[in-house]
Amino acid sequence: MGTAKKNTFDMRELSYLPDAPPDGLPERDALSPKVPAFSPLYQQIKVLILQSLKAGEWKPGEMIPSEFELAARFQVSQGTVRKAVDELSQEHLLLRRQGKGTFVATHSEQTFQYRFLKLVPNAESLLPAGPAHRTILWCKKAKATSEIAKTLMLAPGSGVLQIRRVLSFAGVPTILEDMCLPAEGFKGLSAEALRNHQGPTYALFETTFGVRMVRAQEKITAVHPSPEDAQMLNINDNTPLLQVERIAFTYQDKPMEIRRALYKTVHHHYRNDLN
């Protein structure tokens, strides 16, 4: 078991990610296509569609142009467009609806609402699966440490928002989360706004701030809680917890959130479906 650590939200442990940018601003333009120079044509079309998604040409929940229209726009065959759209659908960025068209996937959609919540109740547990009751403890501004700035690809000392909340199921505190967001991308976000929002937090991010989390990387370790964390989860200091450190990315691998979650697994377990 890991030893209890004071919750300073330093996040130095998150530097495990590959290709971490150097201190300071990234040199590479976030819009530059991340495909080899001689990539298949459908991959190039996929990058162009991603650029339109990132630029907000089509909003979450909106229908994108038909394959015929996209083929005419990019001057390629419909089959090439279909292959690009198929991959984006498999990556949960687009959603095909039979007989209706293809839509930009949204965290408000029932299918995707809790795609990133991997804690599920045990078979014998009477506690319900999500949504959980959320208690927002704080949402405050701070300056990014060098490690947080590096992870979020910010200039040193940039402003960030730090959020702490407890998620409870049937009145039982189960998850303690600390989130760190770049302040520039979430102007106006407050504890009150988080408390008033009824749906998934990622749905609030995409509808209010235009930030859609499309993928995440996680690191999972077993730890003991600090005294403060134990108090928040109503457990003793020796209770083993799962610590899940996440970095969430928007389109084209732009990191927009660092999250540390402590999971109490008395009535729940972490489940990940692998393809």
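Student: Of the contacts in the chain with a separation of 6 or more, what share comes from residues 24 or more positions apart?

Tutor: In this predicted model, residues 24 or more positions apart account for 65% of those contacts. The chain itself holds seven helices and ten strands, and buried residues make up 48% of its 275 residues.

Student: What makes α1 oblique to α3?

Tutor: Helix α1 (residues 41-54) and helix α3 (residues 78-90) have axes that come within 8 Å and cross at roughly 60 degrees. An angle of 65 to 115 degrees would count as roughly perpendicular, and one under 35 as roughly parallel. The crossing falls in neither range, and α1 is therefore oblique to α3. The crossing of α1 past α3 is right-handed.

Student: Which residues meet where α1 contacts α3?

Tutor: From α1 come Leu-41, Tyr-42, Gln-43, Ile-45, Lys-46, Ile-49 and Leu-50, which meet Thr-80, Val-81, Lys-83, Ala-84, Val-85, Glu-87 and Leu-88 of α3. By class, these residues divide into nine nonpolar, two polar and three charged.

Student: Why are α2 and α3 called roughly perpendicular?

Tutor: Helix α2 (residues 67-74) packs on α3 at an angle of about 110 degrees, and their axes are 8 Å apart. The term covers 65 to 115 degrees, and α2 and α3 are therefore roughly perpendicular to each other. Glu-67, Phe-68, Leu-70 and Ala-71 of α2 meet Gln-78, Val-81 and Arg-82 of α3; the classes in this contact are four nonpolar, one polar and two charged. The handedness of the crossing of α2 and α3 is right-handed.

Student: How do you know that α1 is roughly perpendicular to α2?

Tutor: α1 and α2 pack at an angle of about 105 degrees, with 12 Å between their axes. Set against the range of 65 to 115 degrees, that angle makes α1 roughly perpendicular to α2. On the α1 side the contact is made by Ile-45, Leu-48, Ile-49 and Ser-52, and on the α2 side by Leu-70, Arg-73 and Phe-74. Five of these residues are nonpolar, one is polar and one is charged.

Student: Val-81 of α3 has come up in this discussion. Why is Val-81 called buried?

Tutor: Burial requires a relative accessible area under 20%. Val-81 has 0%, and is therefore buried. Not counting residues up to four places away in sequence, Val-81 touches Ile-45, Glu-67, Leu-70, Ala-71 and Val-76. The C-alpha atoms of Val-81 and Ile-49 are 9.5 Å apart, although 32 residues separate the two along the chain.

Student: How do you know that Thr-151 counts as buried?

Tutor: Thr-151 belongs to helix α4 (residues 146-151). Its relative accessibility is 11%, which is why Thr-151 counts as buried under the 20% limit. Apart from neighbours within four places in sequence, Thr-151 is in contact with Ile-247, Pro-255 and Ile-258.

Student: What makes Ala-230 buried?

Tutor: Ala-230, in helix α7 (residues 227-233), has a relative accessibility of 2% and therefore counts as buried. With residues up to four places away set aside, Ala-230 touches Pro-225, Ile-235, Asn-236 and Asp-237. Eleven residues along the chain from Ala-230 is Leu-241, and the C-alpha atoms of these two are separated by 9.9 Å.

Student: Why is helix α6 described as mostly covered?

Tutor: Helix α6 (residues 201-208) has eight residues, and six of them are buried, each with under 20% relative accessible area. The buried ones are Thr-201, Tyr-202, Ala-203, Leu-204, Phe-205 and Glu-206. Among the elements that cover them are β4 (133-143), β5 (159-169), β6 (172-182), α5 (191-196), β8 (241-250) and β9 (254-263). Just after α6, Gly-210 takes a positive phi of about 70 degrees.

Student: How many disulfides does the search of the whole structure find?

Tutor: The search finds zero disulfides. To count as one, a pair of cysteine sulfur atoms must lie within 2.5 Å.

Student: Are Cys-139 and Cys-180 buried or exposed?

Tutor: Cys-139 has a relative accessible area of 18% and is therefore buried, the limit being 20%. Cys-180, at 0%, is likewise buried.

Key. Residues are numbered from 1 along each chain as its sequence is written. This is a predicted model: local features need pLDDT of at least 70, side-chain atom pairs count only at pLDDT 80 or more; totals for chains, interfaces and linings use all residues. Side-chain values use heavy atoms; hydrogens and water are left out. Axes are lines fitted to C-alpha atoms, for helices over the stretch in contact, and angles run from 0 to 180 degrees between N-to-C directions. Helices (H or I, at least four residues) and strands (E, at least two) are DSSP runs, numbered from the N terminus. Angles under 35 degrees count as roughly parallel, over 145 as roughly antiparallel, 65 to 115 as roughly perpendicular and the rest as oblique. A crossing is left-handed if the near helix is turned anticlockwise from the far one by less than a right angle, and right-handed if clockwise. Contact means heavy atoms within 4.5 Å. Ala, Val, Leu, Ile, Met, Phe, Trp, Tyr, Cys and Pro count as nonpolar, Asp, Glu, Lys and Arg as charged, and the others, Gly among them, as polar. Buried means under 20% relative accessible area, exposed over 50%, partly exposed in between (1.4 Å probe, protein chains only).
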